[in-house]
Amino acid sequence: MKDFLTLEKQLCFALYETNSLFSKLYNQALQPFDITYPQYLLLLVLWEEDGQTMKQIGARLNLGTGTLTPMIKRMEKKGWIRKQKSLDDERKVLIYLSEKGINNKADITASIAEHIQACQIDYEEYVSTMKALEQLRKK
């Protein structure tokens, strides 16, 4: 039991360290596009389904409006996204990809893929790690 209480045996520390390294990797991959990792996640959500409300995006990213609002403002200012009032309900503001957000998808995805491949993670390992993390998240 004493061995379990060492830093190296802590699951939380292993996840923390791995997350830190992946954040650095993604930041390197995204640096040429002048976007951060959370901004990349926002683009992913909009690439999956464009024209979502702040509430929908926040739910997908597990982010509150206090974090999401400034991020959306910065991305709009940089030309990645645009906001538009809903035609059905003027109280709702929809977030859409701009041309820049649409046109840079392939380059951003290629940069991410290149950096992930540099880690020498093969497809089977990637899939099994994703499954293990999903199971852990559900627990």
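The exercises below, each with a worked solution, concern a predicted model of one protein chain.

Residues are numbered from 1 along each chain as its sequence is written. In this predicted model local features need pLDDT of at least 70 and side-chain atom pairs count only at pLDDT 80 or more, while totals for chains, interfaces and linings use all residues, and side-chain values use heavy atoms, with hydrogens and water left out.

**Exercise 1. Elements and overall form**

State how many helices and strands the protein chain has, give their order, and compare its radius of gyration with the globule rule.

Solution.
1. Helices (H or I, at least four residues) and strands (E, at least two) are DSSP runs, numbered from the N terminus. The protein chain has seven helices and three strands.
2. Read from the N terminus, the order is α-α-β-α-α-β-β-α-α-α.
3. The radius of gyration (over C-alpha atoms) is compared with a globule rule of 2.2 Å times the number of residues to the power 0.38. For 139 residues the rule gives 14 Å, and the protein chain is well over this at 18 Å, so it is more spread out than a compact globule.
4. Along the principal axes, the C-alpha atoms fill a box of roughly 60 × 30 × 25 Å.

**Exercise 2. The nonpolar core**

Find the residues with the most contacts inside the largest nonpolar core, and the elements that supply at least two residues of it.

Solution.
1. Buried means under 20% relative accessible area, exposed over 50%, and partly exposed in between (1.4 Å probe, protein chains only). Of the 139 residues in the protein chain, 28% are buried.
2. A nonpolar core is a set of buried Ala, Val, Leu, Ile, Met, Phe, Trp, Tyr and Cys residues joined through side-chain atoms within 4.5 Å. The largest one has 25 residues, and L42 and I108 have the most contacts inside it.
3. At least two residues of this core come from each of α1 (11-30), α2 (37-48), α3 (54-61), α4 (65-77), β3 (93-97) and α6 (105-118). Helix α2 supplies the largest share, six residues.
4. Contact means heavy atoms within 4.5 Å. With neighbours within four places in sequence left aside, I108 is in contact with L30, F33, I35, Y40, L43, W47 and W80.

**Exercise 3. Two residues in regular elements**

Decide whether Q39 is buried or exposed, do likewise for T53, and list the contacts of each.

Solution.
1. Q39 is in helix α2. Its relative accessibility is 2%, so Q39 counts as buried.
2. Leaving aside neighbours within four places in sequence, Q39 is in contact with D34, M71, R74, M75 and K78.
3. T53 belongs to strand β1 (residues 52-53). T53 is buried because its relative accessible area is 13%.
4. Not counting residues up to four places away in sequence, T53 touches K92, V93 and L94.

**Exercise 4. A loop residue and a helix residue**

Locate D88 and K138, and decide whether each is buried or exposed.

Solution.
1. D88 lies in the loop between β2 (81-85) and β3. With a relative accessible area of 79%, D88 is exposed.
2. Between D88 and L30 there are 35 Å in space, C-alpha to C-alpha, and the two are 58 residues apart in sequence.
3. K138 is in helix α7 (residues 123-138). A relative accessible area of 67% makes K138 exposed.
4. K138 and S128 are 10 residues apart along the chain, and their C-alpha atoms are separated by 15 Å.
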